[in-house]
Amino acid sequence: MHKIKVLHVIRTFNLGGAETNLRNMLLAADTTKVEPHVAYSFGGPFESEFRKLGMPVFRYAMKAEKVASAATPGIIFRLANYIRKNRIQIVHTHNSNAHVWGAAAAKLAGAKVVEHVHD
């Protein structure tokens with residue numbers, strides 16, 4: 001069976017609602033049908049926990065960036081390259097910054113987007 005490759009894009013691994021929701025989603029994922037990947041911009045208390053889940057984890061920035069910064073084009077470029085390289089089919093974004101970066105990268109790479117609003 002062909003697995004659907006999903007890249008979950010989130011800004012941080014801090015102890016927040018979006019991060020907790022993503023962790024729970026990944027723990028419940030049917031990995032016989034879905035191949036989850038996670039992309040984030042900076043760590044936090046959940047970082048080691050996400051790495052222990054055994055799925056690819058990609059860090060797209062080295063510090064906390066904002067959408068309205070000079071870092072945005074580079075972040076989009078790195079995410080688009082990751083999407084193409086790993087043949088990601090769906091980009092699932094989990095907060096507003098991640099949505100701007102992830103949606104733009106998905107469009108460049110030809111992937112579909114699911115926006116998950118946690119607010």
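A residue is termed partly exposed when its relative accessible area lies between the 20% below which residues count as buried and the 50% above which they count as exposed. Arg51, with a relative accessible area of 43%, is therefore partly exposed. The model described here is predicted.

The secondary structure of the protein consists of four helices and five strands. Along the sequence these elements follow the pattern β-α-β-α-β-α-β-α-β. For 119 residues, a compact globule would have a radius of gyration near 14 Å, and the 13 Å of the protein agrees with this. Taken along the principal axes, the box filled by the C-alpha atoms is roughly 40 × 30 × 25 Å. Of the 119 residues, 45% are buried. The accessible surface comes to about 6400 Å², and carbon and sulfur atoms contribute 56% of this area. Among contacts with a sequence separation of 6 or more, 63% are between residues 24 or more positions apart.

The largest nonpolar core has 20 residues, of which Leu7, Val9, Tyr60 and Leu79 touch the most other members. Strand β1 (4-9), helix α3 and helix α4 (96-109) each supply at least two residues of this core. Helix α3 provides the largest share, with six residues. Apart from neighbours within four places in sequence, Tyr60 is in contact with Val9, Ile10, Arg11, Ala39, Tyr40, Ser41, Ile75, Arg78, Leu79 and Trp101. A second, separate core contains 11 residues, including Leu26, Val38, Phe50 and Val57.

Phe50, a member of this second core, is placed in helix α2 (residues 47-52). The relative accessibility of Phe50 is 1%, so the residue counts as buried. When neighbours within four places in sequence are left aside, the contacts of Phe50 are Phe13, Glu19, Leu22, Arg23, Leu26, Val38 and Val57. Three of the residues in this list, Leu26, Val38 and Val57, are also named members of the second core. Phe13 is 37 residues from Phe50 in sequence, whereas the C-alpha atoms of the two residues are 8.1 Å apart in space.

Five aromatic pairs are present in the structure. Phe46 and Phe50 form an edge-to-face pair, with 6.1 Å between the ring centres and 65° between the planes. Phe46 has a relative accessible area of 7% and is therefore buried, as is Phe50 at 1%. The pair formed by Phe58 and Tyr82 is stacked, with a centre-to-centre distance of 4.6 Å and an angle of 20° between the planes. Because Phe58 lies in strand β3 (residues 57-59) and Tyr82 in helix α3 (residues 72-85), this pair ties together parts that are 24 residues apart in sequence. Both Phe58 and Tyr82 are buried. Ring pairs also join Phe13, Tyr40, Phe46 and Phe50 into a cluster. Two residues of this cluster recur in the contacts described above: Phe13 is in contact with Phe50, and Tyr40 is in contact with Tyr60.

Three salt bridges are found in the whole structure. In the bridge between Glu49 and Arg23, the closest N and O atoms are 3.1 Å apart. This pair links distant parts of the chain, with Glu49 in helix α2 and Arg23 in helix α1 (residues 17-28), 26 residues apart. The two partners fall into separate exposure classes: Glu49 is partly exposed at a relative accessible area of 33%, whereas Arg23 counts as buried at 18%. Arg23 is also among the contacts of Phe50.

Helix α2 holds both partners of another bridge, that between Arg51 and Glu47, in which the closest N and O atoms are 3.7 Å apart. Arg51 and Glu47 are four residues apart in this helix, so about one helical turn separates them. As stated at the outset, Arg51 is partly exposed, with a relative accessible area of 43%.

The remaining salt bridge joins Lys33 and Asp30, whose closest N and O atoms are 4.0 Å apart. Lys33 is partly exposed, with a relative accessible area of 44%. Asp30 is likewise partly exposed, with a relative accessible area of 35%.

How values were computed: Residues numbered from 1 in each chain as written. Predicted model: local features only at pLDDT ≥ 70, side-chain atom pairs only at ≥ 80, totals over all residues. Heavy atoms only, no water. Phe/Tyr/Trp six-rings, centres within 6.5 Å; stacked < 30°, edge-to-face > 60°. Buried < 20%, exposed > 50% of the residue type's maximum accessible area, 1.4 Å probe, protein only. Contact = heavy atoms within 4.5 Å. Salt bridge = Lys/Arg side-chain N within 4 Å of Asp/Glu carboxyl O. Rg over C-alpha atoms; globule rule 2.2 N^0.38 Å. Areas by Shrake-Rupley, 256 points an atom, 1.4 Å probe, with all protein chains shown as cover. Core = buried A, V, L, I, M, F, W, Y, C linked by side-chain atoms within 4.5 Å.
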